[in-house]
Amino acid sequence: MTLLEKARGQSLTTLAKQGVGGWMLAVSVSFIRGTKAVTDLLLFPVIAISNIGDAVIDAMILKPLTIVISGSEATAASVAQFELFGLPLGTAILLFTFAIIAWYLRRPSTSDFLPGTFWDSPFTGVQEEDPGGEQ
């Protein structure tokens, strides 16, 4: 009833223009929202891959570097307690660590449960008795 009261006193042409204008507004808003939805649908994988890339870089580079930095700060604080002998002691510890790693990498493959002993762990597949490795 209120729409009829609002329309009273206006011409039919004015009412038709308002109706067509409202219809055109609805169509254009629907078109704009549909275009935005399709664009979001197409861009979502790109945004997701970008976020994955950031997460991978953070997990593989930045977090390990944080661990290395924390370790080096703790080492620097520990070595600083030796004052004048701190640098030679730190260098000796570093060289000794490299020597241990090099020794570990050069040692032959064995099935010993404890390295350097003759106690073999079962079902490991390494046979020291056969030099060719074949049975």
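Helices here are DSSP runs of at least four residues, numbered from the N terminus, and by this naming Ile-52 is found in helix α2. The structure is a predicted model, and the description that follows should be read with that in mind.

**Overall make-up and confidence**

The chain contains three helices and zero strands, so that its elements, read from the N terminus on, run α-α-α under the DSSP naming. The pLDDT averages 79 over the chain, and 69% of the residues score at least 70. Confidence is not even along the chain: helix α1 (residues 2-7) has the lowest mean, 66, whereas α3 has the highest, 88.

**Surface and burial**

Buried residues account for 4% of the 135 residues in the chain. The exposed area of the chain comes to about 12,100 Å², of which carbon and sulfur atoms supply 73%. A nonpolar patch on the surface is formed by Ile-52, Val-56, Ile-57, Met-60, Ile-61, Leu-62, Leu-65 and Ile-69, which together have about 760 Å² of accessible area. Ile-52, one of the residues in this patch, has a relative accessible area of 52% and therefore counts as exposed, the cut-off for that class being over 50%.

**The salt bridge**

The structure holds one salt bridge, which is formed by Lys-36 with Asp-40, their closest N and O atoms being 3.0 Å apart. Side chains of opposite charge can pair when their charged atoms come close. Both Lys-36 and Asp-40 lie in helix α2, and the four residues that separate them correspond to about one turn of the helix. The two partners fall into separate accessibility classes, since Lys-36 is exposed at 53%, while Asp-40 is partly exposed at 40%.

**A positive phi in a loop**

Glu-83 lies in the loop between α2 (12-80) and α3 (86-106), and, although Glu-83 is not a glycine, its phi is positive, at about 50°. Most residues other than glycine have a negative phi. The side of accessibility is clear for this loop residue as well, because Glu-83 has a relative accessible area of 67% and is exposed.

The relative accessible areas of the individual residues discussed above are collected here.

| Residue | Relative accessible area | Class |
|---|---|---|
| Lys-36 | 53% | exposed |
| Asp-40 | 40% | partly exposed |
| Ile-52 | 52% | exposed |
| Glu-83 | 67% | exposed |

Methods:
Residues are numbered from 1 along each chain as its sequence is written. This is a predicted model: local features need pLDDT of at least 70, side-chain atom pairs count only at pLDDT 80 or more; totals for chains, interfaces and linings use all residues. Side-chain values use heavy atoms; hydrogens and water are left out. Helices (H or I, at least four residues) and strands (E, at least two) are DSSP runs, numbered from the N terminus. Buried means under 20% relative accessible area, exposed over 50%, partly exposed in between (1.4 Å probe, protein chains only). Accessible areas come from the Shrake-Rupley method with a 1.4 Å probe; for residues, only the protein chains shown count as cover. Patches are made of residues with over 30% relative accessible area and no salt bridge: like charges are joined within 9 Å, nonpolar side chains (Val, Leu, Ile, Met, Phe, Trp, Tyr) within 5 Å. A salt bridge is a side-chain nitrogen of Lys or Arg within 4 Å of a carboxyl oxygen of Asp or Glu. pLDDT is the predictor's confidence in each residue, from 0 to 100.
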